[in-house]
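Open the model in your viewer and keep the sequence panel beside it. This tour goes from one selection to the next and says what to look for at each stop.

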Amino acid sequence: MIAAHRPVVLAIAVATIIAISACGGPSADAPTGPAPSASPTATPPLTVEQWRSKHEVDYRRDWVSIAGLFDLKPGANTAGSARTNTIVLPASTPAVIGRFVLTGTKVRFEPVAAAPVRLKDRVVTGPIDLKDDSGTSADELVIGDVRLVVHLSGKTRSLRVRDPHGPLATGFLGFTWFPIDEQYRVTGRFIKDAAPRSLKVLNTFNDIDEYKTEGVVEFSMQGKTLHLRPFTTRPKRFYFVFRDASAGHETYETARFLYADLKDDDTVVLDFNMSYNPPCAFNPYTTCPVPLKENRLPVKILAGEKAYPVHVALGPPKVR
């Protein structure tokens, strides 16, 4: 039995949105995905197929391999494969690798002597403070094929464990896609807000994460004028978290993701053939943003990735 997992409540409710003055970055899982083609007329089906192939490789490496998520309690949290540890790691790791010490918002790793733990190809020989994954340069500890990183969800810091040989990775059922359909590739118009702002957005662990937003994208589909509000991940790079009328039927019940680029003329190509499931569709140890109310579309978008073949509950109860 794995100890001290996050308790999870699947949040399908409308996200709570509160505008604040500072513009923060996301701390929920937001896979960036390969960039789509810049031209609305230059993407033949092969380009979408190539994008999907790359997406599958990236997802298998970074998200399918996630084997656990353990809350870090204030103070020392021992880690290793022995069942007596606070954090029980895969059997391929040593009985004890050290301890993770949470003090306020800081996490320090203190290795035991001779533990084969590496950071950036160097053996960790003494205590080190770890950067969490809220930024772009999280510190990842490596023990054999197992990878460890401090994950931030809202204000909660956890230890995320990746194991490519774990049961979730080896039992993964793969990806299923709709046939490529050009009617789901549209050009929208970006309508700016008066000023950029930060939103507080509910995630599937009932934590609140912050995302920067700058406006909405207006587009037409199936005879309707629709709007989606993207999060800005970097200048002119948009991250859409949306839900359409196919959710819970042909597609994943909570949300799907899509990335697109803002052009100099304020147009945005939305190629829903490249929309895909968040990792929480198949992995219970990932935290995904719930779509904003305005990103719940009244049309069926039968494009991109289909629902995962089985329903995956988002995590077991915490073991006390």
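Start by selecting β14 (208-221) and β15 (224-228). In this predicted model, the two strands run antiparallel and are joined by five bridges. Show phenylalanine 219, and you will find leucine 226 of β15 opposite it. Now follow the chain from β14 into β15: the two form a hairpin with two residues between them. Glutamine 222, in that turn, has a positive phi of about 55°.

Next, keep β14 and add β13 (185-202). This pair is also antiparallel, with ten bridges. To see one partnership, select arginine 197 and its bridge partner in β14, threonine 213. β13 and β14 form a hairpin as well, with five residues between them. Click on asparagine 206 in the turn, where phi is positive at about 65°.

Stay on β14 and select aspartate 209, which is found in this strand. Is aspartate 209 buried or exposed? Its relative accessibility is 1%, so aspartate 209 counts as buried. Now display glycine 154: the side chain of aspartate 209 reaches the backbone nitrogen of that glycine at 2.9 Å.

Which residues have the most contacts inside the largest nonpolar core? Select Phe219, Leu270, Phe272 and Ile301, which hold that place in a core of 53 residues. Several elements each supply at least two residues of this core, including α1 (45-64), β2, β13, β14 and β15. Also on that list are β17 (237-242), β18 (256-261) and β19 (267-271). Apart from this core lies another, of 22 residues; Leu102, Leu119, Val150 and Leu159 are among them.

Go back to phenylalanine 272 and display what it touches, leaving out residues up to four places away in sequence. Among its contacts are Tyr184, Val186, Phe219, Met221 and Leu228. Others include Phe242, Leu258, Ile301, Ala303 and Gly304.

For the last stop, colour the strands of the open sheet. Six strands form it, in the order β2-β12-β11-β10-β7-β8, and their pairing is antiparallel. Which strands are at the edges? They are β2 (66-71) and β8 (122-123), each of which pairs on one side only. The partner to show beside β2 is β12 (residues 156-162): the two pair in the antiparallel sense over five bridges. Finish on aspartate 71, which stands opposite serine 158 in β12.

How values were computed
Residues are numbered from 1 along each chain as its sequence is written. This is a predicted model: local features need pLDDT of at least 70, side-chain atom pairs count only at pLDDT 80 or more; totals for chains, interfaces and linings use all residues. Side-chain values use heavy atoms; hydrogens and water are left out. Two strands pair if DSSP finds at least two bridges between them. Helices (H or I, at least four residues) and strands (E, at least two) are DSSP runs, numbered from the N terminus. A nonpolar core is a set of buried Ala, Val, Leu, Ile, Met, Phe, Trp, Tyr and Cys residues joined through side-chain atoms within 4.5 Å. Buried means under 20% relative accessible area, exposed over 50%, partly exposed in between (1.4 Å probe, protein chains only). Contact means heavy atoms within 4.5 Å. A polar contact is a pair of N or O atoms within 3.5 Å; within protein, one must be able to donate a hydrogen and the other to accept it, and residues adjacent in sequence count only if both atoms are side-chain atoms.
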